[in-house]
Structure formats: structure tokens, C-alpha cells
Amino acid sequence: MNAVDDMTAPTPPSRLAPISARRRRTDKFARGMLWAGTGLALVPLALVVYYLLSRGLRAWSWHFFTSDPTGRFIGDPGGIKSAIIGTVLIVLLATAIAVPIGIGVALYLTEYGKRSRFANTVRYFIDVMTGVPSIVFGLFIYIVLILSGTFGGFAGWKGSVALSLLMLPVVTRSSEVVLNLVPSGLREAGLALGAPRWRLILRVILPTALPGLVTGSLLALARAAGETAPLLFTAFAVNATTFNMGQQMNSLPIQIFNDVRQAQDRIVDRAWGAALTLVLMILIATLLARLVSRRSRTK
Amino acid sequence: MTTETATSRRGGRQIFGRAAPSRVPDRVLKWGLTTLAAFILVLIAFFFVRLYVEAQPAFDTFGHLGFVTGNEWNVSQDTYGAWPLIVGTLITSAVALVIGIPVAVAVAVFLTELCPRRLRGLLGTLVELLAAVPSVVYGLWGVFVLIPRLKPVTQWFSDTFSFLPFIGGEVAGPNYFNGGLILAIMIVPIVSAISREVMATVPAENKEAALALGATRWEMIRTAVLPYSRAGIAGAAMLGLGRAIGETIAVTLVIGNAPQIGSSLFDQGYTLAAVIANEFGEAASDPIHRAALIAAGLVLFVLTLLVNMVARFYVVRAERSQRIGRGERA
Amino acid sequence: MTADPNSVSQESITVTTPDANPPLPDSATSSAPAPTVQTEAPSDPTTTTGRAVTLSGLHAYYGTQHAVKGVDLAFSANKVTAIIGPSGCGKSTMVRCINRMHEEIPGARAEGHVLLDDQDVYAPGLDVVSVRRAIGMVFQKPNPFPTMSIFDNVAAGLRLTGSRGTPLKERVERSLVGAGLWDEVKDRLHSPGAGLSGGQQQRLCIARTIAVEPDVILMDEPCSALDPIATLRVEELISELKSRYTIVIVTHNMQQAGRVADSTAFMLNGELVEFGPTSQIFTNPTDERTEQYVSGRFG
């Protein structure tokens, strides 16, 4: 609009009269409220991040990451080594269970079921699963795997199963979206070459959709990593580090949950340190997910 | 020309002949995947049945209705009525909606209609990050930061507005309001994300129509964007409600865990999810207590199911009407 | 059906030179935009409620793409001017610059002057809302507000701007009568506007536009989504409306331009090629490209 500059508006435009003051005020006020609302939404984030960093970093030390909780109430409470290892193992196993099943169901929905009644029913119940509170999944696994007595008591792998139930709908829904994005031209081209459908799925559809599938799985993983409730009465908690998934296992969320409720400064400090660790792990998974999806988009 | 006829003559039999063996893996895959999908349905049915069977002792003792409407939850006397928990769940969720929905919708409107394009990605990511913080971390933050800082403010509010219903009296440290506030923070990302998706589908023609009539930006939002996305926003709010009802750990840490119906918004309370998280450890050896907790889980499950069904109804309707809207104008 | 194109007074028409350079009488070169642009003498004052619109040195961009390249053009008050040209020639963009709708597209901007009588629409500090209030627009696809009834659609603009004096109901009725829609909808004013047929929807949009009593109505291919009979109705309506409004209509349909327009402008590749009385453009164009286009040899 450079050209406008050398043109001075002659007289106050009569027909192009400015809008009424009331309307302009309303507009300004409403815009201000929308600005403020967005700002307000970010206040908790800023506060949480601030306290996580200031309290969490204070708790961090070499000792903090290399020792197990001692379980003592006085003196050195110990670190979070067993919790970190437990979280990693439980979440990896949960991912290993949920991802193949989730992608398999998504493949069924996009390649075979499509708009059939059965497929729509499955879709509906996948959505239902998304809404089920995580603690109810924990209860369910407790009933099926622990109360029944056939599989023994609390164990890390049972926590993984509970988390995988939580991840399953997330993986399925995101995979379905990604698989649907595979151009139908590719499918038709493959079929027109005389390729059997299974080969088409393995050689064409899955590789094309791979980055999206990885992204969806990583996001589901990130969501599961922070969950506490399903682990409460499945994996339970012990202080010592274990790599045996048939045993009770510690995890970061449970460690934090238990530490919060101790009125002991050093134990609460450990909770902040563990919280910072957990949030960073989740953030890394989320960033990785975004990176994968961005890389595939630029390709 | 000659090669063509040659191949087709030669290939005619071979092509059809070759198809048969490679069909086997195809069938295996198809039926394998179908079974997997069916497995999901079986799993959910099994899920429901097992919860119900295990909750049976509680229902036998107190009756279905008696359990839901019973006013007393007393572990030492083995008396279990879930009403105080249901009320607590509803109060905290209502607070979460009243605070969270306006903020979430403001975020969505701001990001789709007002935000400079360069800032949009950044702000959107930041709001999404709110969802990446685990429930237990919100709980930790709530206990050690929010509750102590908020107490003087809520006490002042309670004293000043004591003439309002459910306000007034001594403010407890952990209370319904704290729970609701934490829940509000936790539902903002999902509600604003879905609202944004819905608002992004408002056809540009509708917005242009309003602007061309001489609408200010806010008037354009009010006449074209908000009415069009109403159903979608309602659905998003219901999904947020489902989240709030089922959210466990953060609420457990900040609500006080007192199985009573508080007389004010700033009283201690309990929710269905919190009671399960809190008492399950000690209940393992007491069958009736355990059954009561599983029954509470079942009530929670049914409640979220209903809410999510309503939410889905709205979201699907919003999607459908938009599809029709687009079709008509195409 | 339409006014005789030959009735257009010759002095109100500017004919461009073939290279689409400065079109205005007495104006010098295209490189320096004229500080003030001459507008023609007002038409018969008894009928004038529309106002003249003058473009000078108008450029429009989408990001780096130069869509309108320095157009100078004068639309006479209370006349219908058609803009024709092949797809992508910038005719819609140019029209959207007149009421500053162009800048609503992310990355889009405009330079130059658009005068409503003697007031620059692009004057700094001028509220864009007041511009659109004075210069209404009807779009390619009928776009009634889908959530509003017929009545509310027409009243939408009035409610925004605050109806002056006359009760809302009367204004709505008058606008619907003006748009030739009253008899068809008077018994169902409160049913949804989206339930009308395409042609009725477009006339509803015209009613909505004239309800706020603009001086100028811009029409961006208003009939391209309509069937021939609905098109005919809208064309009749345009001819009636010009007694009160200045109308600029973009059309890809040369027959339509011939039927409704007093004068016609032909655009190509973002430049104005020729502008003159409709009869002249279609029967005796001065520019070879115009002749090729109107005789259907390209576009």
C-alpha cells in the first residue's frame, strides 16, 4: 500500500464513516478477551515448567540417578534408578503389545472392513475404549490377571498389559488416519500389476504409511508413560531395581505418587526430581514423534 | 504386434493358473486381521462382564440402587454407598467445565481467527504441551504449589461471597475447587484441539459473507464461526467432561479424600476414581470392600460411557452437517 | 431485459490503449500513479444513490505472485459493469480489492487507489469495516449463513450495523422484495436459509447485501453455480437493482455480460486490455486479443 502514502485523505470521508464507537469497543473487548483466554491457558504451563525446573534440578545428582530408593524415612531416601528402568521396560513392553494389534486392527478397517457394519462397530468400540478412564483398565487387569490367581501376583508385565489397553485405541485411530492417506492410486496400481493384497499391504501400503505409523505409536507411548493409575494395582512397586518383568516393578509415576504423600522434605524433593525426569522422557518421545512426521512430510 | 499376440497367447493360461497358490497368505491375512478386530469387541464385552461379576458382592449386599444412592462410605463399618463419591465427581467435573471450556474455546477462536500466522504454530504447540504433562505431575504441583498459594485467595472469596449458595465457611486446604481447577487445566488441550478442528472447517464463504456485510472481526466470529461450530464445541466439551470424570491421580492428591458431601465448594470431598486409587491397596484382603471399589469403577465406567456416547453423537452430527453443508455449496 | 448498452453516455467510458496503459482520460503515464483521479460527472441526480468507483494503479499480490498488474478503471454510478476474461486473469482478485476482501486471504496484499466517489478506500486509518458496509459483495457460491433462518440471514447485516429508524421487519421485507424473493419465502421466513434452492439462496444473499443499503454491489460470478432459469432471474434482478446501486459483475459468461452490462472490461493476465460500452466490446473491439476472446478463439 505504498502508493497510498503520497495521497492525503482530503476530507473526512462521509460515506465511509467509521463504525460506531460501541461496536468498535465490543470488537476490541472481545479480541482482548480471546487474547487473555489464550494467555490464561498458558499460565499453568509456565508455572508447572518453572517449578519442575527449579525444584527438580535441585534434586538431580549422579547419586539420584544411580541409586534405588532406600525406603527409609529418615536420612538418605535414595534415588530413582529402579523407577526409570521400570518405566522404560513397562512402557516398551506395552508398546510391543499395543502397536502390532493396533496397526493390525487399523489395517483391517482400512483394507478389508472399510464401511461395513462390522467395521463401523469396531470403530465405535475403539472410540468407547478411548473414553474409558485409565484406572478402570487397571481394575480390569487386576481382576483378570491377579484376582483370578492363575498368573500369580503383581508383576511388571501386567502393568504393561494395562498400559497397552490404554494405548490400543490411540494407535488404532491414528494408524487408520495415516493408512487412509495412502493414495488409492497406489493400491490400484499395485492390484493392477497382479500383486496379491497381502504383498501389496506389506510392500506398498505399510512402507508408505510408516512415518505416520511411527508418529502415532510414539504419541501413544508418550501418553502411556505418564500414566499412574493403571500401574497402581498391577505392577505395584518395589524399591529395588529389577529386570524381571514377572516381578513387581517400580516406575516413575508410582514413585512420584507415593513420594508426594510423604511429609518429608527430602522425599518430596525426590518426587520433583522424578517428575522432571518423567516429563523430559515424555517430551523426548513427543519431539521424536514430531520429527518423524515432519521428516516424512518434507520428503 | 507379433510379440503382443505371442505373450497374450502364451500368458492366457499361465496368469490364471498362477493366481491360486498366492491366495492362501491373502486369506490368512484377511481372517487374521478380522479376528483381531473381533477380539477388540470380545475384549470390551469381557471387560464389562468381569467388572460386573466382581462387583456383584457389593450389589448383593447394598442393592444396585442402594449402592449408587447410599449416603455413607465407611470402610471401618463395611458400609458402602457411592453417592458422596458420585457427587464429588460431578462437582469437580462441573467446576472443570465452567473454567476450562470458555478458556479452551477462547484459545481455539484465537488460534484459528485472530492469531498472527507466525505465532500460531508456537502457541498451538504450547497448549498441546499442557496435555503432555502427566496427571501425577499436576498432582504434585497442585499439592505443593497450587493449594498453598490458592488458599488465601479462596478464603477471601469464600468470606466475601458467603451469601452465594455453596460458598462460605472455612476453606479446607484440599477441596472440590482445587480438584476442579486442576481438571480444568487438564481438559483445556483436548477441548481446544477439537474445537480448533471444527472451527477450521467453517467454510471461508461464510466468513467472507459476514465480512462483506461490514462485520467487525468479532462480529464475524459471532455470526459465522461460533454458530457453525456449536455442535462440535458441544461434543468437545462432552469429551472434556469424560476426561474430567475419569481423571484419577491428580484429583486424588488435591481433593482431600473425605467420603462426605461437603457443604461448600471449598470443602474436602472424594471422587469415584480417587477412592479406587486410594483404597485399593488396603482392600485386597477384604472381599466386600474390594467389590465395592470395583462397583465404584463400574459406575465410573458407565458414567464415562454415557458422556462419551453423547459427545460422539454431537461430534458426528457436526461432521455430518459440515459434509452436507460443503456438498450443497460445492 | 437489460438496458440498451448504447444508452451509456460516451464520456463516462474510458477506453484503454491496447497495451493496457493509463486508461483515464488526461492522465499521464502508468509509472506514476495520479495523485487524484478524475471521476465522471454524476449521472442524473434523481436516480443516483449509487456512487462511482475508480481504480487507479491497482496492484494485487498473493505472496510473490502478481495477480493484478496496475489496473486503472472507472465504474460509473448506477451502471452495470461486467468484467470478463479467461480463468486466472485476475478479474475476481481485482473485484475483491474494491471492498478490501482481498486482504482477508493470508499472504495477500494490494497497492494503489480505489476511490468511492472521491474517498480512497485504501486511505490509511480508514476502518475496513466501513468500506464493506458501503461496498457490498455477492459471492460465486450462494453462501447464506447455514445456521440462520431466511429472516435472520437478511437481518444479519442490519443487526450488526444497527438498523436506523425503520423497524427490522420492514427492512427485511423490503430487501426480500427488492431481491425478488419475497413472494416465494414470505410464508416460511423462519425456516433455514440453507433449505432454499441454489437460485433462491443466491437471491437471498443479494437481499442480505442490499438490506444494509450499500452504494456499490460487487458480484463475483454470481450465477456460475446456478441453472439457466435461476440465472435468468438473477440477471433480471441485476437490471432492476442498477437504478439504486452501482454494480460490478465478474462473469466468465460472455452472453451474460452482453445481457446485463452497460459497459464491459476485458482482462488478461492481470492487466486490463480494453474497456468500453458492452456493444462495442462485443461487436467492434479495438484490441486484437479482445476480439479473439469474444469470438471464442481462446479462454
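How many salt bridges are there between chain C and chain B? I looked that up before anything else, and the count is two; a salt bridge here is a side-chain nitrogen of Lys or Arg within 4 Å of a carboxyl oxygen of Asp or Glu.

**Ground rules.** I'm working on a predicted model, where local features need pLDDT of at least 70, side-chain atom pairs count only at pLDDT 80 or more, and totals for chains, interfaces and linings use all residues. Residues are numbered from 1 along each chain as its sequence is written, chains are lettered from A and ligands numbered from 1 in the order in which they are written, and side-chain values use heavy atoms, with hydrogens and water left out.

**Chain C against chain B.** I pulled up one of the salt bridges: B:R217 with C:E104, where the closest N and O atoms are 2.4 Å apart. For polar contacts I get three residue pairs, both residues at pLDDT 80 or more. (A polar contact is a pair of N or O atoms within 3.5 Å; within protein, one must be able to donate a hydrogen and the other to accept it, and residues adjacent in sequence count only if both atoms are side-chain atoms.) On the chain C side, the elements giving two or more residues are helix 2 (128–134), strand 6 (135–138), helix 3 (150–161) and helix 6 (198–211). Helices (H or I, at least four residues) and strands (E, at least two) are DSSP runs, numbered from the N terminus. That side of chain C splits into 15 nonpolar, eight polar and six charged residues. My classes: Ala, Val, Leu, Ile, Met, Phe, Trp, Tyr, Cys and Pro are nonpolar, Asp, Glu, Lys and Arg are charged, and the others, Gly among them, are polar.

In total, 29 residues of chain C are in contact with 22 of chain B, contact meaning heavy atoms within 4.5 Å. The buried area is about 2100 Å², with 63% from carbon and sulfur atoms; that is the accessible area (1.4 Å probe) that two parts lose on being put together, summed over both.

**Chain B against chain A.** Here I find 76 residues of chain B in contact with 75 of chain A. The pair buries about 6800 Å², 81% of it on carbon and sulfur atoms. The rule finds three salt bridges, including B:R312 with A:D127 at 2.3 Å, N to O. Helix 2 (residues 23–62) of chain B gives the largest share of the chain B side, 18 residues. By class I note 53 nonpolar, 12 polar and 11 charged residues on that side.

**Four-strand sheet, chain C.** I traced an open antiparallel sheet in the order 2-1-4-5; strands pair if DSSP finds at least two bridges between them. Strand 2 (65–75) and strand 5 (119–120) of chain C each have a single partner strand, so one side of each lacks a neighbour in the sheet. Helix 1 (residues 91–98) of chain C packs on this sheet, touching strand 1 (53–62), strand 2 and strand 4, and its direction makes about 120° with that of strand 1. Axes are lines fitted to C-alpha atoms, for helices over the stretch in contact, with angles running from 0 to 180 degrees between N-to-C directions.

**Six-strand sheet, chain C.** I read the order as 6-7-8-3-9-10, open, with mixed pairing. Strand 6 and strand 10 (271–277) are the edges. Strand 3 (residues 80–84) and strand 8 (residues 246–250) pair in the parallel sense over four bridges, and C:T81 has C:V248 as its bridge partner.
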